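Hi,

Here's the structure I said I'd pass on. Have a look at it first, then read my notes below.

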Amino acid sequence: MKQPKLMILGASAAQLPIIFKAVALGYYVITVDNQPDNVGHQFSQQCVDCSTVDRDGVLKFAQTLAIDGIVTFASDVATVAVAYVAEQMGLPGCKTRNAQTMSNKANFRAFQQAHHLNRPNFFISERIAELATKHTTLIPPLIFKPVDTSGSRGITKVNDLNIENCAEAFAYAQSFSRSGMVSIEEFIEGVDVSGDGFLVNGELCAIVTEKFKRGFIPTGHSLPSKLTVADQLRVSAEVAKTCQELNYRDGPLDFDVKISDKRVIVIELSPRLGGNGIPELIRRGTGFDLIDMTIQYALGKPCLLPTALTVNNPCGSWVFGSEVAGKIEFIVSEALLRAKVPELFEYVMRHQIGDTVLDFEHSGNSLGYALFDCPPDDYQDIVERLRAAMQLRIAADF
């Protein structure tokens with residue numbers, strides 16, 4: 001029997017969970033990345049030197065290698081190429097137009113507006129001077145964010161319309177934008193939640209996680225969510241409604257949502273699974289293996305959603321980073337960390353002693369994450385125990 005070929009876009013540490021899973025399932029894994037030294041290439045059967053945003057380049061390799069399926073993981077920038085290749089080759093996947101809508105904040109906000117979905121007031125521009133003509137329609141605080149970058153990069157909150165503050169926030173967001181476009185949005189009051197899910201024939205199974213942040217940077221998640229069941233259903237309903245309007249009916253989903261008593265607003269939506277251990281956390285808490293289902297779907301295998309999904313094993317994640325840029329002087333071994341924090345069930349550290357690291361100003365600069373079993377009320381206590389046990393020391397680079 002022919003061994004199915006699965007192409008995975010991205011070979012960084014962020015893609016390792018789906019690479020490991022696909023290899024363990026016995027599939028022939030082809031990793032695509034334009035960084036030859038990326039760690040994921042070490043574990044695949046074949047690697048391709050190509051940018052994950054070069055959709056025609058990826059298509060050429062996919063056709064030459066006669067792949068049976070294509071996916072990405074924890075990467076918004078690769079979703080358009082995944083969709084394009086799947087569409088061109090008749091493979092399971094998101095439509096290209098949907099991936100283009102979801103992967104770009106300007107496109108997504110315009111889509112929400114056109115389809116009368118809940119959204120913040122906003123406008124998109126590449127020139128800060130345009131704020132002077134639009135400010136009367138926006139009520140501060142305002143959020144400035146690049147339209148085509150993920151991972152909390154370039155986001156700033158400005159509490160007033162002071163032109164100097166706005167110009168600084170605009171320039172910072174624009175520095176992270178490949179297109180130079182910036183979304184300026186009204187800040188939305190409410191509770192931040194995230195989650196992953198899967199769609200089969202238009203039916204959504206979504207798992208809402210409790211979300212912890214430092215500023216705009218996600219620092220962890222926990223299950224079960226502290227939202228009421230009714231509010232979790234409100235979140236799932238708004239996500240499902242958005243997918244219905246998109247006509248996105250099958251495949252994985254990662255989402256960020258703001259919920260208040262008045263309304264639920266989808267902040268971001270992506271046709272892929274989340275990073276930093278979210279799918280693994282969901283598997284631990286509920287038994288639902290979203291990574292496995294994503295792989296099977298991409299290869300055209302039958303997918304059945306669970307009839308009921310409950311959190312039987314409360315658990316949490318902690319995403320950690322350095323407060324300063326510099327060199328790692330010390331961090332304890334994984335074995336010692338596990339001995340000191342026995343609740344730990346998965347630990348990912350992407351660096352080692354001697355490595356130079358950047359300060360944790362956005363998710364792309366995180367050093368790794370830890371997953372652990374915990375009753376909801378013990379989350380912060382376990383995080384502090386992990387922080388203390390880790391003994392991370394950085395020689396600051398001034």
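Let's start with one pair of residues: Pro 146 has Val 182, in E8, as its bridge partner. Bear in mind that this is a predicted model. That pair sits between two strands, E6 (residues 142-146) and E8 (residues 182-186), which pair in the antiparallel sense over five bridges.

Now zoom out to the sheet. E6 and E8 belong to an open sheet of four strands, in the order E5-E8-E6-E7, with antiparallel pairing. Which strands stand at the edges? They are strand E5 (122-125) and strand E7 (156-158); each has a single partner strand, so one side of each is left without a neighbour in the sheet. Going from one strand to the next, the twist averages 20°.

Two helices to find next. Helix H5 (residues 105-114) lies across E5, E6 and E8, and runs at about 140° to E5. Helix H7 (residues 163-174) packs on the sheet too, where it touches E5, E6, E7 and E8, and its direction makes about 25° with that of E6.

Then there's the empty space inside. The count comes to one cavity of 30 Å³ or more, and the largest cavity holds about 170 Å³ of space. It is lined by 18 residues, and the closest to its centre are Ile 70, Val 82, Cys 94, Pro 252 and Pro 271. Strand E4 (69-72), helix H3 (79-89), strand E12 (251-259) and helix H10 (290-298) are the elements that each give two or more residues to that lining. By type, the lining divides into 11 nonpolar, five polar and two charged residues.

Cheers

Key: Residues numbered from 1 in each chain as written. Predicted model: local features only at pLDDT ≥ 70, side-chain atom pairs only at ≥ 80, totals over all residues. Heavy atoms only, no water. 1 Å grid on protein atoms, 1.4 Å probe; cavity = no way out; pocket = protein on both sides within 12 Å on 5 of 7 lines; lining within 4 Å. Points joined across faces, edges and corners; volume = space filled by probe spheres on them. Nonpolar A, V, L, I, M, F, W, Y, C, P; charged D, E, K, R; others polar. Pairing = 2+ DSSP bridges. Axes fitted to C-alpha atoms, helices over the stretch in contact; angles between N-to-C directions. Contact = heavy atoms within 4.5 Å.
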